[in-house]
Amino acid sequence: MSSAGITKDSKIFVAGHRGMVGSAITRRLQAGGYRNLLLCSRREVDLLDQGAVRDLLQAERPDYVFVAAAKVGGIQANNIYRADFIYQNLVIETNVIHAAYHAGVRDLMFLGSSCIYPRDCAQPIKEAYLLTGPLEPTNEPYAIAKIAGLKLCEAFNHQYGTRYVSVMPTNLYGPNDNFDLQDSHVLPALLRKAHEGKQRGEHSLTVWGSGKPMREFLHVDDMADACVFLMENEVDERLFNVGTGTDVSIRELAQTIKEVVGFSGSLEWDAAKPDGTPRKLLDVSRLAARGWRANIALRDGIRSTYDWYVRNGARGA
Ligand code: GDP
C-alpha cells in the first residue's frame with residue numbers, strides 16, 4: 001500500500017481524464033476497483049483558470065491527484081506553437097500542484113516527458129542526466145515547462161514534506177491519441193497515412209525527416225499501469241523514467257505500420273521536415289528495480305491501436 005494509505009474508496013482526481021494518458025489512467029483505476037474518482041471536463045473546470053482550480057480542489061479535497069492534463073503534440077506542433085506549449089503547460093501544472101497542496105493533498109503524480117533530458121546525452125538516459133546539457137530545440141518550450149513542473153514537485157517535497165512523484169514517459173501511443181496529420185506524433189500519423197493510402201490505392205506513403213532517428217514507444221495502457229503501480233507502492237525516489245527499454249528507427253516503425261495496416265506502397269522521405277532528437281532511449285532500471293516492467297509488445301500495441309482507430313476514426317484529434 002502507498003504511504004498515502006490509498007484504499008479503493010480514496011478520492012482520486014485525474015486532471016486531464018479526457019486525454020490519451022488521463023483516460024488510460026482512469027480505465028486502469030476503474031479496472032483496479034477504485035470507485036471514487038474525481039473527473040471534470042474542461043467545460044466544468046478550465047485548468048488554465050487558477051481560481052476555478054483552487055475552488056474545485058478546496059471543495060473536493062481529494063486524497064490523490066494525477067496531473068495528466070497538458071498541451072501536447074508532435075514535433076511540428078511543438079515547433080510552431082511554441083508560446084502555447086510553454087504557457088499552457090506552465091499554467092496548468094502550477095495551478096493544479098499549488099491548489100492541491102493548499103487543499104491538503106500529500107500525494108500527487110506529475111506526468112512529464114522524456115524530452116526534458118538534454119538532446120545529446122548518453123544513452124540510455126538515466127534520471128540523473130536531467131539538466132546536464134542543452135535541450136532539443138524543436139520541443140524546448142514544452143520541455144522547459146515540464147522541467148519546471150518536476151522542479152515544482154521537488155520544491156514542495158523539500159519545503160513541505162509532500163510526496164509528489166514525477167514520471168517521465170517515453171513516446172506514448174494508444175487509444176484516444178491525436179490522429180491529426182499536422183499536429184500529432186509519428187505513430188498515429190503514420191497509422192492514419194497508411195490506412196488512408198490503402199483505402200485510396202496510393203503507391204507511396206510520405207514519412208517526415210530521414211527515417212534515422214530512434215524512438216522508444218510505450219503503449220499508454222502500460223504507462224497507466226506504471227502510474228497506478230507507483231501510486232500503490234511506497235517508493236523513496238521522486239522521479240521515474242517509464243519506458244520499454246528498447247527503441248526502433250522511424251524507418252523500422254514505418255515498415256511495421258505498413259505491415260499491420262496492410263499497405264503495400266513504398267516509403268517516401270520528406271527531408272524538409274525536422275528529425276528532432278537523434279535518439280532518446282530511457283534507462284528504466286530505477287522503475288524495474290521496484291518491480292514494474294512494460295508488457296505490451298510494439299507490434300501488438302500498434303495492431304490494437306489500429307483497430308481502435310478503424311472503429312473510432314480520428315475523433316481523438
Ligand atoms: P518527437 O519524438 O518529439 O520528435 O515527436 P514526433 O513523434 O512528432 O516525431 C518523431 C520522429 O518521427 C521525428 O523524427 C519526425 O520527423 C518523424 N516523423 C516521420 N513521419 C512523421 C509524421 O508523419 N508525423 C510526425 N509527427 N513525425 C513524423
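Start at the ligand, where a backbone N or O atom of W208 sits 2.9 Å from one of the ligand's nitrogen atoms. Keep in mind that this is a predicted model. Two of the ligand's contacts involve oxygen: a ligand oxygen atom is 2.7 Å from an N or O atom in the side chain of R215, and a ligand oxygen atom is 2.6 Å from a polar backbone atom of D275. Taken alone, the ligand would expose 530 Å², and the protein buries 98% of that.

So much for single contacts; now for the shell as a whole. It is made up of 17 residues, and the closest are I75, K193, R215, P274 and D275. Sorted by class, you get eight nonpolar, five polar and four charged residues. Which elements give two or more residues to this shell? They are helix 6 (186-200) and strand 7 (204-208). Helix 6 gives the most, with three residues.

Step back from the ligand and look at the sheet. Six strands form an open sheet in the order 2-1-3-4-5-10, with parallel pairing. At its edges are strand 2 (37-38) and strand 10 (239-242), each of which pairs on one side only. If you follow strand 10 to its partner, you arrive at strand 5 (residues 163-169), and the two pair in the parallel sense over four bridges. To find this pairing by eye, go to P169, whose bridge partner in strand 10 is V242.

Next come the helices that pack on these strands. Helix 1 (residues 20-31) packs on the sheet and touches strand 1 (12-15), strand 2, strand 3 (64-67) and strand 4 (107-111). The direction of helix 1 makes about 155 degrees with that of strand 1. Helix 7 (residues 220-232) lies across strand 1, strand 3, strand 4, strand 5 and strand 10. Relative to strand 4, helix 7 runs at about 155 degrees.

Finally, have a look at the loop between strand 4 and helix 5 (140-160), where you'll find P124. As a bit of background, most residues other than glycine have a negative phi, and most peptide bonds are trans. What kind of peptide bond joins Q123 and P124? That bond is cis, with omega at about -10 degrees. L131 also lies in the loop between strand 4 and helix 5. Here the thing to check is phi, which for L131 is near 60 degrees, a positive value in a residue other than glycine.

Note on methods:
Residues numbered from 1 in each chain as written. Predicted model: local features only at pLDDT ≥ 70, side-chain atom pairs only at ≥ 80, totals over all residues. Heavy atoms only, no water. Near = heavy atom within 4 Å. Polar contact = N/O pair within 3.5 Å; in protein donor to acceptor, adjacent residues only side chain to side chain. Areas by Shrake-Rupley, 256 points an atom, 1.4 Å probe, with all protein chains shown as cover. Nonpolar A, V, L, I, M, F, W, Y, C, P; charged D, E, K, R; others polar. Pairing = 2+ DSSP bridges. Contact = heavy atoms within 4.5 Å. Axes fitted to C-alpha atoms, helices over the stretch in contact; angles between N-to-C directions.
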